[in-house]
Amino acid sequence: MKMIRITCPACHVDSQMSIKDDLFYGPFVCWKCKKKMILRIEHQQVTECTPIDDEEYYAQLNANHIRRY
Ligand SMILES: [Zn+2]
């Protein structure tokens with residue numbers, strides 16, 4: 001289990017997320033401003049952080065079968 005720090009692209013507040021694997025891809029919501037985004041984490045590094053709208057967020061939730069940590 002690794003703690004990954006994610007800096008929100010909208011409000012620049014840090015969030016922390018724990019992941020079990022080296023790779024993560026899925027939707028993420030900022031705890032502060034509730035901005036929704038798509039995250040890709042590879043080898044404990046955030047390699048993609050793309051803001052998305054509600055519609056895309058829920059589509060991703062349904063599409064990805066996100067592992068719930
Ligand atoms: Zn934010």
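Select Met3 first: the bridge partner of Met3 in strand β2 is Ser18. Strands here are DSSP runs of type E with at least two residues, helices are runs of type H or I with at least four, and both are numbered from the N terminus. Residues are numbered from 1 along each chain as its sequence is written. The model is predicted: local features need pLDDT of at least 70, side-chain atom pairs count only at pLDDT 80 or more, and totals for chains, interfaces and linings use all residues.

**First stop: β1 and β2**

Extend the selection to strand β1, residues 2-7, which is joined to β2 by 6 bridges in an antiparallel arrangement. Two strands are taken to pair if DSSP finds at least two bridges between them. The hairpin of β1 and β2 has 6 residues between the strands, and His12 takes a positive phi near 65 degrees there. Is β2, residues 14-19, buried or largely in the open? The number of buried residues among its 6 is 0, so β2 lies largely in the open. A residue counts as buried if 20 or more other C-beta atoms lie within 10 Å of its own, as exposed if 12 or fewer do, and as partly exposed in between, with C-beta atoms placed from the backbone.

**Second stop: the open sheet**

Now select β3, β4 and β5, three strands that form an open sheet in the order β3-β4-β5 with antiparallel pairing. The edge strands are β3 and β5 (45-51), each of which pairs on one side only. Neighbouring strands of this sheet are turned by 20 degrees against each other on average, direction ignored; the axes are lines fitted to C-alpha atoms, for helices over the stretch in contact, and angles run from 0 to 180 degrees between N-to-C directions.

Focus next on β4 and β5, which run antiparallel and are joined by 6 bridges. Display Leu39, which stands opposite Cys49 in β5, and then Met37, which stands opposite Pro51 in β5. The hairpin of these two strands, β4 and β5, has 2 residues between them, and His43 adopts a positive phi near 50 degrees. Of the 7 residues of β5, 0 are buried, so this strand lies largely in the open.

**Third stop: Pro27**

Pro27 is found in strand β3, residues 23-29. It has 18 C-beta neighbours inside 10 Å and therefore counts as partly exposed. Which residues does Pro27 contact, leaving aside its neighbours within four places in sequence? They are Lys36, Ile38, Tyr57, Gln60 and Leu61, a contact being a pair of residues whose C-beta atoms, placed from the backbone, lie within 7 Å. Adding Ile52 to the view shows a C-alpha separation of 8.7 Å from Pro27, although the two are 25 residues apart along the chain.

**Final stop: the whole chain**

Zoom out to the 1 helix and 5 strands of the protein. Along the sequence they follow the pattern β-β-β-β-β-α. The radius of gyration is 11 Å, close to the 11 Å that the globule rule gives for 69 residues, so the protein is as compact as a globular protein of that length. This radius is taken over C-alpha atoms, and the rule is 2.2 Å times the number of residues to the power 0.38. Buried residues make up 10% of the 69 residues.

Finally, colour by pLDDT, the predictor's confidence in each residue from 0 to 100. The protein averages 89, and 91% of the residues score at least 70. Among its elements, helix α1 (residues 54-64) has the lowest mean, 87, and strand β4 (residues 36-42) the highest, 95.

Conventions: Two residues are in contact if their C-beta atoms, placed from the backbone, lie within 7 Å.
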